[in-house]
Every structure is written in structure tokens, then in C-alpha cells.
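Reader: I have a structure open and not much idea where to start. Can we go through a few parts of it?
Author: Yes, put it up.

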Amino acid sequence: MAELQAEDQASFHNFLRMPAVMFDELRQRVGPRITKKDTCFRPALDPDMKLALTLRHLASGDSYASQKFAWRVPHNTQSLVVREVCHAILDEYLDEMLTCPSTPEEWKEVADRFYQRWNFPHVLGALDGKHVAIRCPAESGSLYYNYKGFYSIVLLALVDSDYKFLWADLGGLGSASDAQIYNSSELKHGAEEDLLGFPQPIPLPQDTTDVPYFFIGDDAFALRAYMMKPYSLRGLSQEERIFNYRLSRARRVVENAFGILANRFQVILGTMQHKPETVKLIVKTCLVLHNLMRVRYPTLQNQQLDQPEGPEEDFVPGAWRDGFNMEDTQVVAGPNTATKEAKKQRNLIKHWVNSSAGALDWQDRMV
């Protein structure tokens with residue numbers, strides 16, 4: 001590790017999936033939390049080695065049995081080390097790197113960035129879910145068995161316009177759909193009860209009618225004033241197609257975020273051989289490290305992202321689409337539970353994106 005860091009920065013980056021300066025920051029901030037004293041029985045493991053071992057496991061997904069030959073650390077000791085380091089990273093960075101906005105000003109900043117970057121107003125985040133494959137937990141029956149034929153837990157996440165995770169729920173069982181998990185989440189409860197500190201409704205740009213702020217999602221979620229989703233794909237008018245395109249263009253950031261996460265931390269791409277509690281711990285650590293990288297080194301992952309071809313063009317697919325990615329969650333076609341207010345709001349936004357106030361010059365040729 002010392003030779004790589006001193007002589008071959010590119011190989012060091014490839015080995016741990018992060019630049020040496022980021023590893024140094026983690027070592028300085030997390031190192032004291034994982035440092036142990038030597039005893040008369042044995043010397044303590046070096047904290048730098050414990051951190052590097054854990055990051056290599058997250059980056060490669062190699063099993064403890066295979067890693068023991070490279071690190072000369074027994075597999076049962078590795079299982080303790082990885083959990084210890086993940087807890088230390090979360091203790092040090094969780095409140096700094098994975099905190100949901102809680103004031104109107106913070107939410108307004110998220111919405112303003114969505115509008116500036118993706119030309120869709122009043123968006124407080126893009127919501128979606130993915131399956132993380134795991135080994136069948138003991139005595140769990142079919143609770144973790146999903147419709148695609150493997151065992152998993154569900155990662156439901158809210159992402160901002162810069163591909164950072166604002167909120168995540170890792171409590172979903174593989175047999176559940178996005179909607180089931182979302183309906184029982186604190187995010188939905190907070191949105192329904194107005195506990196999240198959303199800004200007050202204001203008119204869309206160059207318009208006069210007040211419109212609430214909202215999340216955006218796919219067909220898995222019920223249409224609400226605080227949750228906008230595309231129109232049904234049957235019998236769409238041209239205006240509805242353009243609305244669907246504009247909304248999907250903004251919602252694409254959550255797909256990008258999952259793709260970047262999975263391609264950088266490949267432990268979550270395979271079938272994780274851990275207990276569900278450890279899987280949740282590791283995935284949450286990956287989310288924090290992803291956000292840390294987006295904050296500290298925002299240009300580092302740009303080749304992974306979908307890139308606009310120009311200021312008035314659609315996007316060039318990012319490199320994340322060429323790699324393996326997590327499986328999508330099930331979209332359940334349930335009854336139409338959309339409220340009248342939500343339908344009226346969606347129609348209002350549809351007219352806005354097709355009007356001179358909100359239309360893009362090139363949107364017609366994209367549908």
C-alpha cells in the first residue's frame with residue numbers, strides 16, 4: 001500500500017476505488033476510532049491496514065476467504081474488522097454526508113439546483129429503489145425472496161440533482177415492492193403530515209398559480225401533490241409525452257446515482273454473504289463514501305455520468321450503463337389512488353412545460 005501510494009497513484013486509485021488524498025482523509029478522521037492498544041497476547045492490527053482492507057472489500061466484493069491470502073488476516077478477524085471500520089466511518093461522517101434537508105431554505109436549494117440543471121421546477125429529489133442481493137438468511141422463509149428469483153433487501157433512496165443521496169431506507173425485504181416500502185417509510189409520513197419542512201407553494205417560473213414542491217418517481221408510487229410521476233403510457237397526447245420526457249429527464253439522476261454506486265463499490269453487485277444487519281451497515285457506508293466523493297471530488301466520477309451533448313441537447317449515456325448494475329424493484333400496477341389535487345397539479349405542470357414559459361427549444365424532437 002505504501003509503495004502504491006508513493007509510486008503509482010493510478011494503481012492505488014484502482015485498488016481502493018478512491019484517490020490517495022481521500023484515503024488520507026479517512027485515515028486521519030477514522031483512524032483514531034479504530035486504533036487498539038497492543039496487549040501481552042498479541043499486537044493490535046494497524047488501523048491503516050484495517051481501513052484499507054475494508055475499502056478493498058467494498059470496492060472489489062472479494063470474499064474474506066480470498067482476501068486472507070493478500071492481507072494475512074484470518075477470515076473471521078476480517079468480518080470483525082469490516083464491521084468495526086464501517087461503524088467508525090458512519091460515526092464520523094453520517095451526520096455530515098447523509099442528512100436529509102429539514103428547513104425550507106435547504107429544500108429550496110435542492111429544488112433550485114434541479115431546475116438549473118434539469119429544467120424541471122419544484123423538485124425536491126428523485127426517488128427509486130433497487131435490490132441488493134444477499135444470501136438467504138436463516139429461518140427467513142420467503143420474506144427476502146423477490147420476484148426476480150433471488151434473495152435481497154431493498155435500497156429505497158432519494159437523490160438530489162448532483163447525484164448525492166439525501167435519504168435512504170434499507171429496511172425493505174426483497175419480497176416487497178417500492179410502493180410498499182415507501183408507504184411505510186418515515187419519508188412518506190413526513191410528507192403527508194408536513195413534517196419535513198417543505199417550502200410554501202409558489203408559482204412556477206413565469207407563471208401565476210401556486211404549485212407545491214414535490215418528489216418525482218416512477219409508476220410504483222401513487223400520484224400525490226408531494227409526489228409527481230409520469231402519465232400512463234396508453235394513448236398519450238403530445239403534451240403528455242413531453243411532460244413524461246421532461247420528468248424522466250430529471251428523474252434519471254437517481255438511476256445514475258445507483259449506477260455510480262454499484263460500479264464503484266462492487267460488493268453490492270454480487271450476492272453478499274453477510275447477515276442482513278451487516279448488509280445494511282455496508283450499504284449505508286457505501287452511500288456515505290459515495291456522497292463524500294461527490295462533495296470532495298465532484299469531477300472524479302464525471303465519466304460515469306450521463307452527460308448533456310450541449311446546452312440545448314439531450315444526454316450521452318455514462319459509463320455506468322456499460323457495467324453491471326443492481327436489479328430494479330418491482331413496479332406494482334395497483335388501483336388508481338391519485339388524488340384530484342395531484343391530477344390537477346400534474347396537468348398544470350404539463351401545460352407549463354408545453355408553454356412559452358417552460359418549454360425547451362429541443363424537447364419536441366425528443367419524444
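Reader: Which residue is the bridge partner of H131 in strand 10?
Author: E327 is the partner of H131 there. Keep in mind that this is a predicted model.

Reader: How do strand 1 and strand 10 pair, parallel or antiparallel?
Author: Antiparallel, over 2 bridges, with strand 10 covering residues 327-328.

Reader: And how many bridges are there between strand 1 and strand 2?
Author: There are 8, again in the antiparallel sense, and strand 2 spans residues 152-159. One of the pairings puts A133 opposite S152.

Reader: What about strand 6, which way does it run with strand 1?
Author: Strand 6, residues 214-216, runs parallel to strand 1, and 2 bridges join them. A126 faces I216 in that pairing.

Reader: Is strand 1 buried or exposed?
Author: Buried. Of the 11 residues in strand 1 (123-133), 11 are buried, so the rest of the structure largely encloses the strand.

Reader: Now the loops. Where is E139?
Author: E139 sits in the loop between strand 1 and strand 2. E139 is exposed, because its relative accessible area is 86% and the cut-off for exposed is over 50%.

Reader: What is the phi of E139?
Author: About 55°, a positive value, although E139 is not a glycine. Most residues other than glycine have a negative phi. N119 also has a positive phi, near 60°, and lies in the loop between helix 7 (104-118) and strand 1.

Reader: Different topic. How many aromatic pairs are in the whole structure?
Author: A search finds 13. Among them is Y245 with W362, an edge-to-face pair with 6.3 Å from centre to centre and 80° between the planes.

Reader: What does the pair of Y245 and W362 tie together?
Author: Parts that are 117 residues apart in sequence, because Y245 is in helix 10 (residues 238-264) while W362 is in the segment after helix 12 (340-353).

Reader: Are those two buried or exposed?
Author: Y245 is buried, at 11% relative accessible area. W362 is buried too, at 4%.

Reader: Which residues form an aromatic cluster with Y231?
Author: F120, F214 and F243 form one cluster with Y231.

Reader: And what lies over the face of Y231?
Author: R346 does, at 4.1 Å from the ring centre.

Conventions:
Residues are numbered from 1 along each chain as its sequence is written. This is a predicted model: local features need pLDDT of at least 70, side-chain atom pairs count only at pLDDT 80 or more; totals for chains, interfaces and linings use all residues. Side-chain values use heavy atoms; hydrogens and water are left out. Rings of Phe, Tyr and Trp (its six-membered ring) pair if their centres lie within 6.5 Å; planes under 30 degrees apart count as stacked, over 60 as edge-to-face and the rest as tilted. Helices (H or I, at least four residues) and strands (E, at least two) are DSSP runs, numbered from the N terminus. Buried means under 20% relative accessible area, exposed over 50%, partly exposed in between (1.4 Å probe, protein chains only). A charge sits over a ring if NZ of Lys or CZ of Arg is within 6 Å of the ring centre and within 35 degrees of the ring normal. Two strands pair if DSSP finds at least two bridges between them.
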